[in-house]
Amino acid sequence: MPTNPESIQVWVVCLSDHTCEAWRPLLTDSEWAKAMRFRMPADQRRCAVTRGVLKALLSRYLDLPATEIVFTENQFGKPAIASQALQFNVSHSGDYCVLAFAQESPLGVDVEQIRSQRVVDELAQRVLSPAEYARFMALPDADRKQTFFEIWTLKESVLKGIGSGLSVAPECLEISFFPDSPKLLSADTELIPDVGEWTLHSLSIGHPEYAAAIAVKQKAPSIKVEHYRYYV
Ligand SMILES: CC(C)(COP(=O)(O)OP(=O)(O)OC[C@H]1O[C@@H](n2cnc3c(N)ncnc32)[C@H](O)[C@@H]1OP(=O)(O)O)[C@@H](O)C(=O)NCCC(=O)NCCS
């Protein structure tokens, strides 16, 4: 439980340790139907297990039965809990999902499975600002793939924290990155008029093929990362 306003609790879930059916009792009929609409079993599991674990943790933090948790969404689909200060955000990719909670600071989290160099070559110029792209291309070849996914998750975590998601193009943000510690340097003020102060952190989820990051709207958050090993 995030015990004070500076504490951020991050949970990492290995999805293949879970089954959809185990989490069924915590899901509403429409949450279950949404998960089952995916054709591939791995996608069904990603959707059902993420929602189930999210509800189990919220239930614990709010001391409410999971079935009484009511979600709201902003206009871009960012979920929140009606009339509660508790903040959360989730992300999933490949075999992992990451869930982050804070008592009151808005936050965004992102995890990405590191993909091929071809994907990096296709995306880098599109998602990096011109200044970021120049710095990125100056990195040694061997460092670029890992670094690209670190930058990508940092930028997406800010956009998820703000709540716009990718309705705002990631190149509208300018961040510092390796070898400097990550920082949000600027944002396009036309698209994000009042970005505020965000603290950025790359997260290690304990698997070399994944990059992850969190953005918290707070000056000095204390971030605790744990692996979720509870089953229903
Ligand atoms: C949010 C978004 C960036 C997620 O991208 P992604 O890399 O595919 O997915 P992630 O795994 O990182 O995150 C998905 C989770 O983020 C949360 N989320 C959804 N929209 C969000 C938003 N705008 N901001 C923050 N979080 C959001 C949800 O909990 C979602 O999990 P769920 O689908 O299991 O409920 C992308 O879906 C997006 O840009 N959405 C907004 C675009 C828009 O304008 N939507 C309008 C229709 S509602």
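Which residue in S5 is the bridge partner of Ile8? Select Ile8 and look across to Ala102, its bridge partner in S5.

This is a predicted model, where local features need pLDDT of at least 70, side-chain atom pairs count only at pLDDT 80 or more, and totals for chains, interfaces and linings use all residues. Numbering starts from 1 along each chain as its sequence is written.

Next, select residues 7–14 and 96–102. These are strands S1 and S5, running antiparallel and joined by seven bridges. Strands pair if DSSP finds at least two bridges between them. Strands (E, at least two residues) and helices (H or I, at least four) are DSSP runs, numbered from the N terminus.

Widen the selection to the sheet. Its four strands lie in the order S4-S5-S1-S11, open and with mixed pairing. S4 (87–93) and S11 (222–227) are the edges; each has a single partner strand, so one side of each lacks a neighbour in the sheet. On average, neighbouring strands are turned by 15° against each other, direction ignored.

Add residues 41–62. This is helix H3, packed on the sheet and touching S1, S4 and S5. Its direction makes about 25° with that of S5. Contact requires C-beta atoms, placed from the backbone, within 7 Å. Axes are lines fitted to C-alpha atoms, for helices over the stretch in contact; angles run from 0 to 180 degrees between N-to-C directions.

Now show the whole chain. It has six helices and 11 strands. The C-alpha trace spans about 50 × 35 × 30 Å along its principal axes. Of the contacts with a separation of 6 or more, 60% link residues 24 or more positions apart.

Terms used. Contact = placed C-beta atoms within 7 Å.
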